[in-house]
Amino acid sequence: MEIGKDIAREEQETTAMEPLSPISRMFVSPSLYCFIIFTLGFQTRCNQSSIVEGVKNTWIKLPRFSSKVDIKKYGKAFWIPVSVRIEDHVIVPDIDYSNIENPDQFIEDYTSNIANTPMDMSRPLWELHLLNIMTSNAESLAIGKFHHSLGDGMSLMSLLLASSRKTSDPEAFPTTAATKKHVDSNIKGWWLVERFWFMLRAIFITVIEMFKYLLTLCFMRDTKTPLMGKTGDRIRSNKVIHRIISFDDVKLVKNTMEMKVNDVLLGMTQAGLSRYLKKKSDIVAEKKSILEHIRLRGTVFINLRADTKIEELANMMAKDSKCKWGNFVGFVMFPLWIRSEDDSLEYVRRAKSIMDIKKLSMEPLLCYGLIKFTMKIFGEQVAETLSKRIFDHTTLSFSNVLGPDEEISFFDHPMSYVAASAIGGPQALIIHYVSYVNKIVINLSVDTTVIPDPHLLCDDLVESLNIIKLAAMEKGVHKMEV
């Protein structure tokens, strides 16, 4: 009788099983094991029962949030539906908040402790911690941990949007800033020539970028710096910190320099890393020349979804949604301009120049396709080895996620900010930027055995933005005078 039950249960699991996508399968491998830590800051005290009820009515109904990952003997990984106990996933810690002298430091330590605690693979790979503690930026907090196999940054942003409503209109979904495409009316009559020239450039640039990709796979490594991760299997000590800056400052530089927000953030990152490495240089007299000989590249993650309208994002979990849930990202290898520049605006000019070239390349789509092809033809182990080699040979990862452009409520809790960062893989530094209304949150995930002073690095990023902003303001004044 028991054997019959076991067979029935096995048949039920087999029919319900869904294989993990190629990227998700890599995220559950030991060498590329990766998860996301996010923090939601609330403007009010946390009503824990309200959030628990909201999670029951939304998240639990999503297939990924009610399934565990099962790795079979032959190496294939599947999603297996299971029953979910909400108390295993929504955690309200028993803490005496009155004895906490420094709430900000407590939250930083609490978040880092979550980041260093392995996830239980025998149940759905997510958890949400609710803390009624007042910090310098929020009245209470929700700290979440999602395994990256559940979805990429855009998927998880869609989950936030679907779980939220505008504070100004409790029945309406949040909105994000739309990206407008520029059309030059002077070339409408030459569209065929323009399209042909665009295709030639795209093919030429793609061939060059993929050649660099192959060189990196084979032997080309970044210069060993205080930011470079250590190779090989080892015990990591993860730390997650974030800092809030003004979105208006970034927009001021963007409008003055006539570029994208992403260009400004990349330029700011280049300037901040240059400042940090300059301080770390041992030979003071040769700091400038040392920086000029550093090869430092970041893997910049690119969303590959064609449709990212707010309605599609909010409905991403629906079965027939055009905007698919999961890990649908590619990446480009971005050479960071590490120099001691007298003109701080040169960092953002260089960022825009390189990113304009990368936008013409099909590198992110081909990298995504190459992983899928390798996994299908040669197996997961080969695909995992190739991917790990890319991250071993580069210094950091970078991404930028555009959040809501007006205030929202998460299960009836008005929010003050959103912070999120991925953790895992061989790289010692991961930088994420997340926007919310008029704020941008700098998120740093570091391996403290390599980077013991992440706050110094964060200070350098913030100071770099301030210097770039002042230079942009002077440039704007000069334009007005001319």
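**Exercise 1.** Which residues are linked with Glu-209 in a network of salt bridges?

*Solution.* Keep in mind that this is a predicted model. Starting from Glu-209, the network of salt bridges takes in Lys-212, Lys-358 and Glu-363. For the wider picture, the count of salt bridges comes to 22.

**Exercise 2.** Find the salt-bridge partner of Asp-453, then work out whether each of the two residues is buried or partly exposed.

*Solution.* Step one: the side chain of Asp-453 meets that of Lys-280, at 2.7 Å from N to O. Step two: place them. Asp-453 sits in the loop between S16 and helix H15 (454-481), while Lys-280 belongs to helix H9 (residues 261-280), so the pair links distant parts of the chain, 173 residues apart. Step three: buried means under 20% relative accessible area. Asp-453, at 19%, therefore counts as buried, whereas Lys-280, at 31%, is partly exposed.

**Exercise 3.** Now try a pair inside one helix: locate Glu-346 and Arg-349 in helix H12.

*Solution.* Both residues lie in H12 (residues 345-360), 3 residues apart, which is about one turn of the helix. Their closest N and O atoms are 3.2 Å apart, and they form a salt bridge. Arg-349 is partly exposed, with a relative accessible area of 31%.

**Exercise 4.** Trace the open sheet of 6 strands and name its edges.

*Solution.* Begin with the order, S9-S16-S15-S12-S10-S11, with mixed pairing. The edges are S9 (238-246) and S11 (329-335), each pairing on one side only. Next, follow S9 to its antiparallel partner S16 (residues 439-447), joined by 9 bridges. Here Ile-241 stands opposite Leu-444 in S16. Finally, helix H13 (residues 363-377) packs on the sheet, touching S10 (297-303) and S11.

Note on methods. Residues numbered from 1 in each chain as written. Predicted model: local features only at pLDDT ≥ 70, side-chain atom pairs only at ≥ 80, totals over all residues. Heavy atoms only, no water. Pairing = 2+ DSSP bridges. Helix = DSSP H or I, 4+ residues; strand = E, 2+ residues; numbered from the N terminus. Contact = heavy atoms within 4.5 Å. Axes fitted to C-alpha atoms, helices over the stretch in contact; angles between N-to-C directions. Salt bridge = Lys/Arg side-chain N within 4 Å of Asp/Glu carboxyl O. Buried < 20%, exposed > 50% of the residue type's maximum accessible area, 1.4 Å probe, protein only.
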